[in-house]
Amino acid sequence: MAAPAPLSPLAPKKYPALPPIAGVRFATIAAGVRYEGRTDVMMAVFDGPAEVAGVFTRSKCPSAPVDWCRQQLKDGKARALIVNSGSANAFTGHKGIEAVELVAEAAAKTIGCRASEVFMASTGVIGEPLDGARIARVLADLCDSAREDRLMDAAKAIMTTDTYPKVATVFAPLGDTIVAINGIAKGAGMIAPDMATMLSYVFTDAPIGSAALQAMLSKSVERSFNAITVDSDTSTSDTLMLFATGAAKSAPRIEDPADERLGPFRRALDKLLRSLAHQVVRDGEGARKFIEVQVEGAATRKAAKRIALSIANSPLVKTAVGGEDANWGRVVMAVGKAGEKAERDKLDIYFGRIRVAHQGLRDPAYDEAEASAYMKKPEIKITADLGIGRGRATVWTCDLTKEYVAINGDYRS
């Protein structure tokens with residue numbers, strides 16, 4: 001087992017206090033999924049059927065747990081969530097399916113629910129079969145030890161190359177009641193979500209139906225997890241799920257996605273998912289810089305996002321930032337290759353508030369020393385103004401360093 005990576009320099013200085021969410025309890029255990037003595041399984045147990053929504057990877061090679069969750073989501077109810085690290089249970093054929101079914105049936109028997117009310121996810125190495133029996137035999141212990149105040153433990157249990165757990169919490173009014181929303185996430189590499197994130201789970205005590213949850217989640221993800229990238233690679237296991245226990249009985253129960261009373265909750269959910277997404281980027285494998293890429297003046301919003309991702313995913317842009325090199329020519333390159341409408345002689349580029357290029361030329365006031373000083377900051381903002389329309393988009397990424405190569409060259413060791 002490789003030694004754990006040092007804590008990311010972009011890690012949070014402190015973690016928020018996570019208020020217990022009534023109706024859901026958490027437990028973790030070392031099941032020996034891949035490494036002995038490592039906490040590698042977390043379980044969330046719902047006291048009653050929770051409403052559930054989810055979005056999953058668009059990869060054409062999804063993991064067995066992703067296929068399972070998609071199928072079970074149709075019923076919109078959950079009694080348990082089980083997540084393991086160490087093995088992704090992806091590209092594992094019938095053995096992978098059998099492992100999922102074994103765990104689901106064992107959990108259902110332990111809790112006293114239907115197997116279809118058990119959701120699962122796996123993260124880790126692709127192509128190595130998951131021993132479902134290892135997980136099944138610890139489920140009773142997990143159920144017995146589950147407590148409301150162990151969400152942070154759950155966040156730690158699902159880490160792989162992460163250097164810190166990702167957690168967030170927000171509150172929102174729903175009617176005359178304040179409801180809580182807690183979220184956790186894992187991910188540091190293979191990050192270019194095409195639906196959600198690597199793994200992320202959100203819990204609330206709000207009494208909101210699954211259809212309304214799904215509508216909010218599907219929209220919110222576009223402004224959070226679908227707007228981040230570490231290395232342009234979309235995982236086989238990307239999963240984002242939202243569970244509502246309904247324990248806040250004094251709040252109004254809402255089923256209609258168009259209900260105006262959902263406004264504050266929707267905004268709070270947006271804030272929480274954006275926080276988790278940013279934390280994933282800040283823990284990008286080997287990352288030393290957090291980069292915001294903003295594109296303005298594009299022909300359409302869709303075009304702006306495609307150009308922003310072209311910049312954010314460019315190895316040349318990312319290595320320039322990592323080397324603290326104010327090489328704005330690489331941003332020009334990334335805009336030009338995006339395949340969207342652009343006019344060279346209308347393009348402006350900024351590093352922070354410093355305009356480095358203007359209307360197809362180096363800015364007349366460009367100062368190399370000023371730009372170089374800016375690039376030494378831990379947080380960098382790159383803006384490309386195309387000057388041809390009103391489309392705009394923002395995405396977030398990190399730099400590309402030698403450490404990224406070292407981590408991934410040794411991943412299976």
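This dialogue explains how strands, salt bridges and a charged surface patch may be read in a predicted model.

Q: Which strands pair with strand E2, and in which sense, parallel or antiparallel?

A: Strand pairing is described by a sense and by a number of bridges. In this predicted model, E1 (residues 24-29) and E2 (residues 41-56) pair in the antiparallel sense over 6 bridges. E2 also pairs with strand E3 (residues 77-87), again in the antiparallel sense, over 7 bridges. A further antiparallel pairing, over 6 bridges, joins E2 to E8.

Q: Which residues stand opposite one another in these pairings?

A: A bridge can be followed down to individual residues. Ile29 stands opposite Val41 in E2. Val41 also has a bridge partner in E3, namely Asn84. Between E2 and E8, Ala53 stands opposite Leu242.

Q: Is E2 largely enclosed or open, and how many of its residues are buried?

A: A residue is called buried when its relative accessible area is under 20%. In E2, 13 of the 16 residues are buried, so this strand is largely enclosed by the rest of the structure.

Q: Which strands pair with strand E13?

A: E13 offers an example of both senses. Strand E9 (residues 290-298) and strand E13 (residues 379-385) pair in the parallel sense over 7 bridges; here Ile291 stands opposite Ile380. Strand E10 (residues 348-351) runs antiparallel to E13, and 4 bridges join the two. Asp348 has Asp385 in E13 as its bridge partner.

Q: How many salt bridges are there?

A: A salt bridge joins oppositely charged side chains, with a nitrogen of Lys or Arg within 4 Å of a carboxyl oxygen of Asp or Glu. By this rule the count is 23 salt bridges. Some charged residues form a larger arrangement: Glu51, Lys77, Arg253 and Glu255 are linked in a network of salt bridges.

Q: What does the salt bridge between Arg134 and Glu36 tie together?

A: It is useful to ask where each partner lies. The closest N and O atoms of Arg134 and Glu36 are 3.8 Å apart. Arg134 lies in helix H3 (residues 132-136) and Glu36 in the loop between E1 and E2, so the pair ties together parts that are 98 residues apart in sequence. Arg134 is partly exposed, at 24% relative accessible area, whereas Glu36 is exposed, at 64%.

Q: Where do Asp270 and Arg223 lie, and is Asp270 buried or exposed?

A: The side chains of Asp270 and Arg223 meet in a salt bridge of 2.8 Å, N to O. Asp270 is in helix H7 (residues 263-282) and Arg223 is in the loop between helix H6 (210-220) and strand E8 (239-244), 47 residues apart. Asp270 is buried, at 12% relative accessibility, while Arg223 is partly exposed, at 35%.

Q: How far apart are the closest N and O atoms of Asp363 and Arg355?

A: In this salt bridge, the closest N and O atoms are 2.4 Å apart. Asp363 is buried, with a relative accessible area of 6%, and Arg355 is partly exposed, at 31%.

Q: Which residues form the negative surface patch?

A: A patch groups charges of like sign whose residues have over 30% relative accessible area and no salt bridge. The negative patch here is formed by Asp325, Asp367, Glu368 and Glu370. Among them, Asp325 is placed in the loop between helix H9 (315-322) and helix H10 (329-337). Asp325 counts as partly exposed, at 35% relative accessibility.

Note on methods
Residues numbered from 1 in each chain as written. Predicted model: local features only at pLDDT ≥ 70, side-chain atom pairs only at ≥ 80, totals over all residues. Heavy atoms only, no water. Pairing = 2+ DSSP bridges. Patch = residues over 30% accessible without salt bridge, like charges linked within 9 Å, V, L, I, M, F, W, Y side chains within 5 Å. Areas by Shrake-Rupley, 256 points an atom, 1.4 Å probe, with all protein chains shown as cover. Lys, Arg positive; Asp, Glu negative; His and termini not counted. Charge placed at Lys NZ, Arg CZ, Asp CG, Glu CD. Buried < 20%, exposed > 50% of the residue type's maximum accessible area, 1.4 Å probe, protein only.
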